[in-house]
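Student: I'm new to this one and would like a close look at a single part. Could you pick one and then show me how the rest is built around it?

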Amino acid sequence: MIFKTAAELGALIASGETTSVEVTRAHLERIEQVEGRVNAFLHVAAERALEQAADVDRRRAEGEELGPLAGVPIAHKDVFTTKDMPTTCASKILEGWVPPYDATVTERLRAAGLVILGKTNMDEFAMGSSTENSAYQVTSNPWDLTRIPGGSSGGSSAAVAAYEAPLATGTDTGGSIRQPAAVTGIVGMKPTYGGSSRYGLVAFASSLDTPGPFARNVLDAALLHEAFSGYDPRDSTSVDEAVPPVVAAARQGDVAGLRVGVVKEFAGEGYQSGVLNRFNETVELLESLGAKVVEVSCPAFTYALASYYLIAPSEASSNLARFDAMRYGLRVGDDGTRSAEEVMALTRAAGFGPEVKRRIILGTYALSSGYYDAYYGKAQQVRTLITRDFEAAFTQVDVLISPTTPTTAFPIGERADDPMAMYLADLCTIPSNMAGNAAISVPCGLADEDNLPVGLQIMAPALADDRCYRVAAAVETALESRWSSPLLTKAPAL
Amino acid sequence: MSITRDEVAHLARLSRLALGDEELDHFAVQLDAIVSAVARVQEVAAEDIPPTTHALPLVNVFRADEVRPSLGTAEALSGAPAAEDERFRVPRILEED
């Protein structure tokens, strides 16, 4: 049961061959069996999940018209507020906090009849690329338990790759969905900025944060994308347009005549040869499927990482000011003699982990008078140049492609106290956050050196999310017929 | 050196982070490396390039000024570290005379 796709599970539940309660119970059993080794969840809500499942079964029995994912279980990133489960963002400053309201994404999961199994581990406040910055636990990559599952949405990617859930939510600020998807051999999509609601998503960098889906195949990702995306008047940066036809695109993978641009800047030094080998083979595959492949130069992309590590921390330093020990969350040192300001500083020092502190300080620096023009101002100009590179590229090609990450999953601990090395994991994913366009990662094979998954990134213009799914589906179909089964079936059994 | 330990200590105070000496020592070295790396953005000649603050060409978004249901007092206070008389109780915010 747990090895079935979300679309299959939804159909089996709809036809009455099984029930949501049975499917949910099977996944809760799987969680019980493997969670001790994977550590993907911060909170498993077994009882609540079974209640939700029973409710979906009852609604169906009463003849209610339900969507294609009704009754299917899902793992939910701990960055979305949930009024019936804790929301911690993997931070001590929010330990035990149960929000008084649901995020829009949470509400829409519930409305679609998805059963929330629990909340997944992440880098604290979504800052990181390995999930090692969680204040609670280290999550393992199901392909090799000594390696990282990517981040920041590493609990979600690990849960899906370990068959603990067929679907998961994530958020992508600089690659936090695509990079974990790539290194765990699953599909992860960053929708167009504003295409999915940020209401109730605990903010990291508001101009970049984008909720998106994880799944083990392209169609499931599209079904989930459709279920929680779309205009939300409660998010002032929400795009008031119809959700692009992502499900139809995922069903008709076809690249014949499509113009595909290979980003020239994303290769060479720092790229693992096994990653480049699989990427180059996929380029040939696309050509054999009828795509017209050309090389495209996007020179500003080489400055994207530097620009991102000024813009994202700047926004974070402002957003995280809300954790002031007054209205919710941790309070430390309130002994009746200390001032509010002293309590605030003690609480924030005790409640935030090292990466969060580094970024708050870095952002405060970049926004300081005297440095603003040289750092934040320049970073914003680079952002303009990146957007222009995309615009110029999309006059020549329909999609751009690159490896999703420069390397496969690295060992736990390897980059934990070396921020700059960690930041390099997001080298190829950051430009799409800066420009706000759509981008997906789909598995394209295993690297020769370590037999670990490699991801192909497909980038499309803003609001052309369906194009990502169309190309990803074509690649998935062709590769699975070559491999004779999905990539994930090659992972060692847990 | 692009950023000094003293600067990091000053920034930590501005950010309301009561950091210890060891933490400051550690962060000062790491932040110096990070600031040196991100300073690359200054290589881009950019006199005439407008800054981008946001991916979307949004100006202002308005909504109708309607009365809608909101959180009740009990819900709003449900996560408070301390509450009293249906209010958030906070440490003193004014100096004593």
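Tutor: Let's start with the place where the two chains meet, and then work outwards into each chain.

A quick word on the model first. It is predicted, so local features need pLDDT of at least 70 and side-chain atom pairs count only at pLDDT 80 or more, while totals for chains, interfaces and linings use all residues. Residues are numbered from 1 along each chain as its sequence is written, and chains are lettered from A and ligands numbered from 1 in the order in which they are written.

Now, the meeting place. Here 55 residues of chain A are in contact with 46 residues of chain B; contact means that the C-beta atoms of two residues, placed from the backbone, lie within 7 Å. On the chain A side, the elements that give two or more residues are α10 (304-319), α11 (340-351), α12 (354-366), α13 (373-396) and α14 (419-423). These names come from DSSP runs, numbered from the N terminus: helices are H or I with at least four residues, and strands are E with at least two. The biggest giver is α13(A), with eleven residues. Sort that side of chain A by class and you get 30 nonpolar, 15 polar and ten charged residues. In that count Ala, Val, Leu, Ile, Met, Phe, Trp, Tyr, Cys and Pro are nonpolar, Asp, Glu, Lys and Arg are charged, and the others, Gly among them, are polar.

From chain B, have a look at helix α2 (residues 21-38). Its 18 residues should span 26 Å at 1.5 Å a residue, and the end C-alpha atoms are 25 Å apart, so the two agree. The expected span is 1.5 Å times one less than the number of residues. Within α2(B), B:Phe27, B:Leu31, B:Ile34, B:Val35 and B:Val38 are buried. Buried means that 20 or more other C-beta atoms lie within 10 Å of a residue's own; 12 or fewer makes it exposed, anything in between partly exposed, and the C-beta atoms are placed from the backbone. An α-helix has 3.6 residues a turn, so residues three or four places apart point the same way. And what do the buried residues of α2(B) pack against? Their partners are α10, α12 and α14 of chain A, together with α1 (5-14) of chain B.

Step back to chain B as a whole. It has three helices and two strands, in the order α-α-α-β-β. Of its 97 residues, 19% are buried. A compact globule of that length would have a radius of gyration near 13 Å, but chain B has 23 Å. That radius is taken over C-alpha atoms, and the globule rule is 2.2 Å times the number of residues to the power 0.38.

Chain A is another story. Its 494 residues would give a compact globule a radius of gyration near 23 Å, and chain A has 21 Å, which agrees. Its secondary structure comes to 16 helices and eleven strands, and 64% of its residues are buried. The largest nonpolar core has 185 residues, and A:Ile74, A:Leu117, A:Ile458 and A:Ala472 have the most contacts inside it. Such a core is a set of buried Ala, Val, Leu, Ile, Met, Phe, Trp, Tyr and Cys residues joined through C-beta atoms within 7 Å. A:Leu117 touches, among others, A:His27, A:Val44, A:Ile74 and A:Ala165.

The strands of chain A are worth a glance too. Strand β9 (residues 399-403) has five of its five residues buried. One partner is β7 (residues 259-263), parallel over three bridges, and another is β11 (residues 453-460), antiparallel over four; strands pair if DSSP finds at least two bridges between them. In these pairings A:Val260 stands opposite A:Val399, and A:Leu400 opposite A:Met459.

Finally, just after β11(A), look for A:Leu463 in the loop between β11 and α16 (465-483). Its phi is near 70°, a positive value in a residue other than glycine. With 20 other C-beta atoms within 10 Å, A:Leu463 is buried.
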